[in-house]
Protein chains: 2
Amino acid sequence: MPSRSHRKSRAGIVEIASQLRVSPSMVSRALRPETAHLVRADRRKLIVDLAEKLHFSPNPGARILRQGANASLAVVVPLDENIFFSEFYGRFLSGTLHAAAARSWDVQICALRRTPGSDFRGALQQLGLATSGLIYLAEPLAAAEVRQLRDYRRPLVLTKSALPPGIAVGDAGVPVVGVDNLEGARAAASLLLQLGHRRIGLLMGPPTSRDSIERRQGYLEVLDRAGCRPSSGWIYEGAFSAQTGRDGIAAMLAKPDRPTAICCASDEIAFGAIDGARAAGLRCPEDISIVGFDDGPWANACRPALTTVRQPLADLAERAVGLIVEAANRAGRPGYVQQVSEMPASIVIRESTQVAPAG
Amino acid sequence: MPSRSHRKSRAGIVEIASQLRVSPSMVSRALRPETAHLVRADRRKLIVDLAEKLHFSPNPGARILRQGANASLAVVVPLDENIFFSEFYGRFLSGTLHAAAARSWDVQICALRRTPGSDFRGALQQLGLATSGLIYLAEPLAAAEVRQLRDYRRPLVLTKSALPPGIAVGDAGVPVVGVDNLEGARAAASLLLQLGHRRIGLLMGPPTSRDSIERRQGYLEVLDRAGCRPSSGWIYEGAFSAQTGRDGIAAMLAKPDRPTAICCASDEIAFGAIDGARAAGLRCPEDISIVGFDDGPWANACRPALTTVRQPLADLAERAVGLIVEAANRAGRPGYVQQVSEMPASIVIRESTQVAPAG
DNA sequence: AGTTGAACTGCAAACGTTGTCAGTTACACC
DNA sequence: GGTGTAACTGACAACGTTTGCAGTTCAACT
């Protein structure tokens, strides 16, 4: 903990005031843009100069206390070594930073270590202590935890990915933002069909992941309608990792009949799939078309550049921040309006897809 | 800004006290672990229960004000869309989160938009308003800005990458943490020499980047000593991006004589180089060995897995947080001890390097 | 029953800033 | 010189919590 003697060294507003033989009020006024016009110019200059010289900065505690709240929100992330590597967290967070900066809000990022027995809501409470709102971006919650969250007394936004698959977004009782996985997956599957592919495989994420489930559903919906439902040997599930892509495609290629196109549940899986295909002597996109899901930075930097579904994570973050700020501003408390925001995902066509090879 | 009526809804310590006909002091004591033993068990239970029921959480402002400081630090990052994508920021930040969590400090991440004319120190001041310390992780500073920072009155740590190339780390006048680029680069170059490579090219980052300069120096030092200084056509500089790798290797392969190994200034450049080599019909590592610098998550996930220099960014972050916490705890102010911490970088040998081809 | 000490409790004073309110000054105008 | 108005100023009371201090209770001893 910061020592308390640290504070002793601070020159406060009264110190400045007494040196200048002015009242503290004047110093306060002179130093804040909103009220600066209230003090005579020459005096203001004196004050500002001295404040500058003394390296004055207002005591945050006092300011927060006085003003009742501070313009800051906390983002709760899992305490995981690699979270920033993931497209999802990285881009969402940077979007949050942007959106918050645009409103001159501060962003606090807290890691949440969840242990099964611990008081989840209490921990969250603790984390969000010094902020006006909370965006939950960490591991999927249990249904019971979502219920606990309903009466959380500060502005709170959940990401859809954190909502357990069993709960519909509309029933969460808490504002939820998410990407329209269904529509994105449908678009990807449709593209492959249009390119003439009929034998299409699926490389999906873990079956416990809401995102993976929704994407799978979107793919299958379109393929079913076209009469191209993949056989079970053409559906492979694993972690959201390159290794899953490599393993999955190896498994598919071991079968007698092989797909000419693959839908993946993430870019990373797609990279692994391209790599695995190459290792097996297949060229992408000539021999096999592959679409990812995310449109992370690598999608455009790798070769072949990846055709993929763009997750509008920045928009998502913008929306989440917007909801928080709005809720914080809503003076009275006219009850929670259930807010569900699904952001449209769109397909980005690059090099990893091509018309289906003849035969 | 959060509305002020928001606060009205809060049940404070006095509210609890009056409902229970106890003094606020008792409530305060009962609710904080440090002082809980001072209140009789039955009473404490009453208080804790009611606090729980009312979803009480202490007003952060008042607490901070009273205690003089709060256990939190701010990390200043650039307001850039892709920062989290970069290995550097991502891993450093996640390290910071870890280190802070271990000390139960909070981390606030602020984006700093730097405009040339603006008051840099003031902006920083503003950003770190509510925190006890600052880690500067954003764009390289100008020499004048570093000078301004010397008398920053709160614990502050700079990353070496942010220090302009003109200033020695020892002269910054501010604690600096960084990676020992020199030693890392030397190790990489030595490895290639040991593998029998003599024709070695360099794909470097921008000549304004301190990191790139130091890495280049490390490479050249070792190569010079072995009598293998690359000709100027074998040294290519660009952004820290895959495209630089692709462009650079294309340029080198256009020359009559080609290198058998390449040292890169970052993993990303190395990925581009591998890709470019492949596009030109060369296999990595059989025809050309390539080493990166960073050891980001992709280094191990791509094929061939990248031989690279591991940046101990988590250690770096740990050290930075440690310095901040220590400085915050140092009760008196026995002057700034100039702290320079260079963390050792070590080489990780994977698949992208091999003994030099004969001839 | 009186004494002692430990365990517990409440009062009141901070912490540093800001907004309200009631002045006080300065200045132009009659 | 008086009046009216606008511009400026200072005193003071919050904001909600923590903590030093001075009690008060209570059980265990003489």
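Me: Helix H12 of chain B: which strands does it lie across?
Reply: H12 (residues 267-279) of chain B crosses E6, E8, E9 and E10 of that chain. It runs at about 155° to E9(B). Angles run from 0 to 180 degrees between N-to-C directions, with axes as lines fitted to C-alpha atoms, for helices over the stretch in contact. Contact means that the C-beta atoms of two residues, placed from the backbone, lie within 7 Å.

Me: What should I know about the model and the labels?
Reply: This is a predicted model: local features need pLDDT of at least 70, side-chain atom pairs count only at pLDDT 80 or more, and totals for chains, interfaces and linings use all residues. Residues are numbered from 1 along each chain as its sequence is written, while chains are lettered from A and ligands numbered from 1 in the order in which they are written. Helices (H or I, at least four residues) and strands (E, at least two) are DSSP runs, numbered from the N terminus.

Me: Back to those strands. What's the order in that chain B sheet?
Reply: E7-E6-E8-E9-E10-E12, an open sheet of 6 strands with mixed pairing. Two strands count as paired if DSSP finds at least two bridges between them.

Me: Which strands are at the edges?
Reply: E7 (235-237) and E12 (346-348) of chain B, each pairing on one side only. From one strand to the next, the twist averages 20°.

Me: How do E9 and E10 of chain B pair, parallel or antiparallel?
Reply: Parallel, over 4 bridges, between residues 289-294 of E9 and 307-310 of E10. B:Asp294 has B:Arg310 in E10(B) as its bridge partner. B:Gly292 is partnered with B:Thr308.

Me: And E10 with E12, parallel or antiparallel?
Reply: Antiparallel, with 3 bridges. There B:Arg310 stands opposite B:Ser346 in E12(B).

Me: What holds strands together like that, in general?
Reply: Backbone hydrogen bonds, in either a parallel or an antiparallel arrangement.

Me: OK, the other sheet. How many strands form it?
Reply: 12 strands, again open and mixed. Its order is E11(A)-E5(A)-E4(A)-E3(A)-E1(A)-E2(A)-E2(B)-E1(B)-E3(B)-E4(B)-E5(B)-E11(B). The edges are E11 (340-343) of chain A and E11 (340-343) of chain B, each paired on one side only. The twist from one strand to the next averages 20°.

Me: How many bridges join E1 and E2 of chain B?
Reply: 7, between parallel strands at residues 72-78 (E1) and 106-112 (E2). B:Val77 stands opposite B:Ala111 there.

Me: New topic, DNA. Which residues are closest to strand C?
Reply: A:Gly12, A:Ile13, A:Ser28, A:Asn59 and A:Ala62, out of 26 that surround DNA strand C. Near means that a residue's C-beta atom, placed from the backbone, lies within 6 Å of the molecule or strand. H5(A) supplies the largest share of that surface, 4 residues.

Me: And around strand D, which come nearest?
Reply: A:Ser23, B:Gly12, B:Ile13, B:Ser25 and B:Ser28, among 27 residues. H3 and H5 of chain A, plus H2 (13-20), H3 and H5 of chain B, each give two or more residues to that surface. H5(B) gives the most, with 5.

Me: What's the class split by strand D?
Reply: 11 nonpolar, 8 polar and 8 charged. Nonpolar covers Ala, Val, Leu, Ile, Met, Phe, Trp, Tyr, Cys and Pro; charged covers Asp, Glu, Lys and Arg; the others, Gly among them, are polar. By strand C, the split is 11 nonpolar, 7 polar and 8 charged.

Me: B:Val14, buried or exposed?
Reply: Exposed, because 12 other C-beta atoms lie within 10 Å. The cut-offs are 20 or more for buried, 12 or fewer for exposed and partly exposed in between, counting other C-beta atoms within 10 Å, placed from the backbone. B:Val14 is in helix H2 of chain B.

Me: How many residues of chain A are there, and what share is buried?
Reply: 359 residues, 49% of them buried. Chain A has 14 helices and 12 strands.

Me: Which residues touch the most others in the largest nonpolar core?
Reply: A:Val76, A:Cys264, B:Val76 and B:Cys264, in a core of 180 residues. A second, separate core of 10 includes A:Ile13, A:Met26, A:Val39 and A:Ala51. A nonpolar core is a set of buried Ala, Val, Leu, Ile, Met, Phe, Trp, Tyr and Cys residues joined through C-beta atoms within 7 Å.
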